[in-house]
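Student: I have a model open on my screen and would like to understand it piece by piece. Could we go through it together?

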Amino acid sequence: MAIHDFDTIFDHIGGFGRYQMFLFAVICYMSAMLAFVYFGQIFMALTPPHWCSPPPGLEANDLLSADEVKRLTIPIDPETSEFSRCQRYDVDVSALLQGNMTSQDPTTLWNITGCTYGWTYDFKTYYPTITSELNWVCDDDWKPAFSQSFFFIGSFIGLPILGWAADKWGRLPVIVVTNVACGIFGVASAFARSFVIFTVLRFIVGLTYDTHYTVVYILVMEYVSCEYRTVMGNIPIMLFLTAAMCSLPWMAYFLRSWTIYAVIIHIPQILCIVFVWVLPESARWLISQGRLEETLKIVRKASQVNKKVLSPEFIEEFKDYVKEQSSQKQSTAGVVDLMKTPVLRMRFILLSIMWMTIILAYDGHMRNTENIGLNVFISFTVLGAVELPADFLTIIGIEWIGRRHTTVWTLVLSGVACLLIAAMPEAETTVIFALAIAGRFLITMSINVGQQYIVEVLPTVARSSGAGAIHTLGSAVSFLSPYIVYLSKFGHFLPYLIMGIVTIIGGGFCALLPETINEKLPDSLQDGETYFTGQGYCYNPCSTRKTATEMPGKTTEATRKASAS
C-alpha cells in the first residue's frame with residue numbers, strides 16, 4: 001500500500017493500539033491537571049461570608065452572645081434583607097456597657113459607618129482563603145477578580161508565543177517547560193502574602209496555561225487514526241477532568257487552608273519532567289522538518305509496542321514519503337500564513353469566533369456558580385458532575401450529527417437557557433439553578449467539540465501556532481468574564497443576559513464552519529486550503545455513508561447532494 005499521507009501509516013503501525021493507550025494515559029493525567037489549574041484558582045480566592053468586626057470591648061462574652069453582638073452592631077441591608085457585609089453601627093460602647101440596651105433598637109441611637117475595625121468571617125461553612133486573609137472585601141472586593149484576570153492576561157501573552165515555539169522547536173519541549181513552570185510558580189503563589197506578589201505569580205502561571213494542555217492534546221491527536229480521534233479527545237475529559245473538577249471544592253473545604261490546597265493542586269505538574277524520557281515528539285512535526293531518522297525511530301517503536309511488523313518495502317516507502325514531504329512543504333508556518341489564502345483565512349476567523357464565544361460563556365457559567373444563591377461547594381460539584389453526561393453526549397453527537405451541527409445547536413440552546421435565567425426573578429433560585437445546569441451542560445458540549453474542531457481544521461505545519469492564536473483570543477475574552485460575573489452585584493440577570501446574546505450570535509457564525517467528521521488531518525497549507533471543500537451550509541455527512549472511492553479530506557459531490565436538505 002503506497003503512502004500518500006500520514007494517516008496511511010496507521011495501517012502499518014496501528015491507529016489505536018497499546019502505543020496509543022499509553023498516550024491515552026498521558027492525556028488522562030493532563031486532563032486532571034487542566035482542571036486543577038483552571039478551576040483550582042476559584043477556591044483559592046473565594047469570598048467567605050463576612051461582616052464588620054465590633055469595636056474593642058464589645059466582643060462576645062458572658063453577657064452578650066455572638067448573635068447579640070452582631071444584631072447590635074450590624075445593620076440590615078435593605079436590598080438583600082440580610083446583615084450588611086460592609087457597614088456597622090457606630091456603637092457607643094461605654095454607654096452600652098453601662099446600661100442594659102440589648103433590647104433597644106440601635107438604629108435610633110447610632111449612625112452607620114464603615115468597617116474600621118476589620119471584618120469577621122464565617123469559617124463554619126467556608127475556610128480561610130487569600131481573600132479573607134488579606135481582607136479583599138468591600139472597597140477591595142475588586143482584587144480577587146483583578147488577580148484572576150491577570151492569570152488570563154498571562155495566557156493571552158503566552159499562548160501565541162508558546163504555540164509558535166511548538167511549531168518551531170517541537171511539541172515535547174514546550175509541553176515539559178510549560179507544565180514544570182506552571183507547577184513551580186503555582187506552588188510559589190501559595191505562599192504569597194501581598195496582592196502584588198500574588199497577582200504577579202498568577203500572571204506567570206497564566207503564561208503557561210492552556211499551552212500546557214493544548215500542545216499535549218495536539219500531540220496525542222496526531223498519533224491516532226481518524227476513526228478514534230473522538231474517543232481519544234473526549235473520554236479523558238469526560239472521566240478525569242470531571243472527577244478532578246468535582247473533587248476541588250471538597251479538597252479545599254476539608255483541607256481548611258488555601259495555602260496547602262494550592263500546593264497540592266500544583267505539585268503534580270512538576271512531575272511532568274519525566275515526559276522528557278517517556279513521551280514521543282510529534283511524528284507529523286518531525287516529518288515537516290525532514291528529520292527522517294527520528295521519525296523512523298518513533299514509527300518503529302510504535303509498531304513494536306502495537307505488535308505490528310514493518311516490512312522492508314514499507315520502510316523504503318516511508319523514507320521516500322518523508323523526503324518528498326520535507327522537500328515540498330514548509331517546515332513551519334504561522335498565523336500570518338493562515339491569513340494569506342481565502343479558505344484558511346475564513347476558517348481561522350470562524351474558529352476564533354467559535355472559541356471566544358465558548359470560552360466567554362463557559363468561564364462565565366463556571367465563575368457565576370457562587371452567585372446562584374445555593375451552597376457554592378454543592379453547586380460547583382453538581383454543575384461539575386453535569387460535565388460527565390455532557391461529555392458522553394458530545395461523543396455521540398459529533399459522531400452522529402457531526403462537529404458543525406453539534407457546535408451550532410449547543411451554543412444556540414445554551415444562549416436560550418441564559419436568556420431564560422435573565423428573565424427569571426432572583427427569588428426563583430430552584431428554577432434558575434435548573435436552567436444554569438442546562439446552560440452548563442450545553443456549553444460543556446460546545447467546548448469539547450471546539451477543542452477537537454481546531455485540531456482537525458488547521459494544518460500540521462501551523463496547528464500549534466494557529467491553535468495558540470485562537471486560544472489567545474479565548475484568553476482575551478476570559479479576562480472579561482470575572483467582570484461580567486461581577487455585574488451580578490447590580491442585578492442577577494446581567495451576566496446571563498450578556499452570555500445569552502453572545503452565545504446565540506456565536507452559534508450562528510459556527511454554521512459557516514466545514515464538517516470534519518471521518519476526514520484526515522491536513523498537513524500542509526495547501527491541504528488546509530483544499531480539504532473539506534464542496535460542502536453546503538446544510539451538509540450533513542451522517543445522513544449517508546462515505547464510500548471507499550472518496551479521496552481523503554474531500555467531500556464528494558454525490559455525498560454532498562445526498563446530505564444537503
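**A tour of the predicted model**

Tutor: Happily, and let's start with one residue: tyrosine 209 counts as buried, at 8% relative accessibility. Please keep in mind that this is a predicted model.

Student: Where along the chain does tyrosine 209 sit?

Tutor: Tyrosine 209 is not placed within a helix here, but between two of them. Helix α8 covers 195–208 and helix α9 covers 211–221. The place to look is the loop between α8 and α9.

Student: What separation do the C-alpha atoms of tyrosine 209 and tyrosine 38 have?

Tutor: Along the chain, tyrosine 209 and tyrosine 38 are 171 residues apart. In space, their C-alpha atoms are separated by 7.9 Å.

Student: How many cavities of 30 Å³ or more are there, and which residues are the closest to the centre of the largest cavity?

Tutor: The count comes to 4 cavities of 30 Å³ or more. The largest cavity holds about 300 Å³ of space. It is lined by 21 residues, and the closest to its centre are Leu34, Tyr209, Trp355, Ile447 and Gln451.

Student: Which helices each supply at least two residues of that lining, and how many of the lining residues are charged?

Tutor: The helices that each supply at least two lining residues are α2 (18–40), α10 (229–255), α17 (342–367), α21 (429–457) and α22 (463–478). By class, the lining has 13 nonpolar and 6 polar residues, and the number of charged ones is 2.

Student: Turning to the surface, which helix gives the largest share of the nonpolar patch?

Tutor: The patch is formed by Leu419, Phe493, Leu497, Ile501, Ile505, Phe509 and Leu512, with about 560 Å² of accessible area together. The largest share is 5 residues, and these come from residues 493–510, helix α24.

Student: Why can residues spaced three or four places apart in a helix point the same way?

Tutor: It comes down to the geometry of the turn. Residues three or four places apart point the same way because an α-helix has this many residues a turn: 3.6.

Student: Is phenylalanine 509 buried, partly exposed or exposed?

Tutor: Phenylalanine 509 is found in helix α24. Its relative accessible area is 37%. Buried would need under 20% and exposed over 50%, so phenylalanine 509 is partly exposed.

Student: What about helix α1: which of its residues are buried?

Tutor: Helix α1 spans residues 6–13 and is mostly covered, with 6 of its 8 residues buried. Just after α1, glycine 14 takes a positive phi of about 95°. As for the buried residues of α1, they are Phe6, Asp7, Thr8, Ile9, Phe10 and Ile13.

Student: What is the phi of arginine 256 near, and what is the phi of lysine 307 near?

Tutor: Most residues other than glycine have a negative phi. Arginine 256, in the loop between α10 and α11 (258–270), has a positive phi near 60°. Lysine 307 lies in the loop between α14 (292–305) and α15 (312–328), and its phi is also positive, near 60°.

Student: Is lysine 307 buried or exposed?

Tutor: The cut-off for exposed is over 50%. Lysine 307 has a relative accessible area of 61%, so it is exposed.

Student: How many salt bridges does the structure hold, and what distance separates the closest N and O atoms of arginine 193 and glutamate 133?

Tutor: The structure holds 11 salt bridges. Arginine 193 lies in the loop between α7 (171–189) and α8, while glutamate 133 is in helix α5 (residues 130–133), so this pair links distant parts of the chain, 60 residues apart. Their closest N and O atoms are separated by 2.8 Å.

Student: In the salt bridge of arginine 403 and glutamate 399, is arginine 403 buried or exposed?

Tutor: The two side chains meet at 3.2 Å, N to O. Glutamate 399 is partly exposed, with a relative accessible area of 28%. At 1% relative accessibility, arginine 403 counts as buried.

Student: Finally, which residues are linked in a network of salt bridges?

Tutor: Here the salt bridges join up into a network. The linked residues are Asp167, Arg171, Glu222 and Arg463.

Notes: Residues numbered from 1 in each chain as written. Predicted model: local features only at pLDDT ≥ 70, side-chain atom pairs only at ≥ 80, totals over all residues. Heavy atoms only, no water. Patch = residues over 30% accessible without salt bridge, like charges linked within 9 Å, V, L, I, M, F, W, Y side chains within 5 Å. Areas by Shrake-Rupley, 256 points an atom, 1.4 Å probe, with all protein chains shown as cover. Salt bridge = Lys/Arg side-chain N within 4 Å of Asp/Glu carboxyl O. Helix = DSSP H or I, 4+ residues; strand = E, 2+ residues; numbered from the N terminus. Buried < 20%, exposed > 50% of the residue type's maximum accessible area, 1.4 Å probe, protein only. 1 Å grid on protein atoms, 1.4 Å probe; cavity = no way out; pocket = protein on both sides within 12 Å on 5 of 7 lines; lining within 4 Å. Points joined across faces, edges and corners; volume = space filled by probe spheres on them. Nonpolar A, V, L, I, M, F, W, Y, C, P; charged D, E, K, R; others polar.
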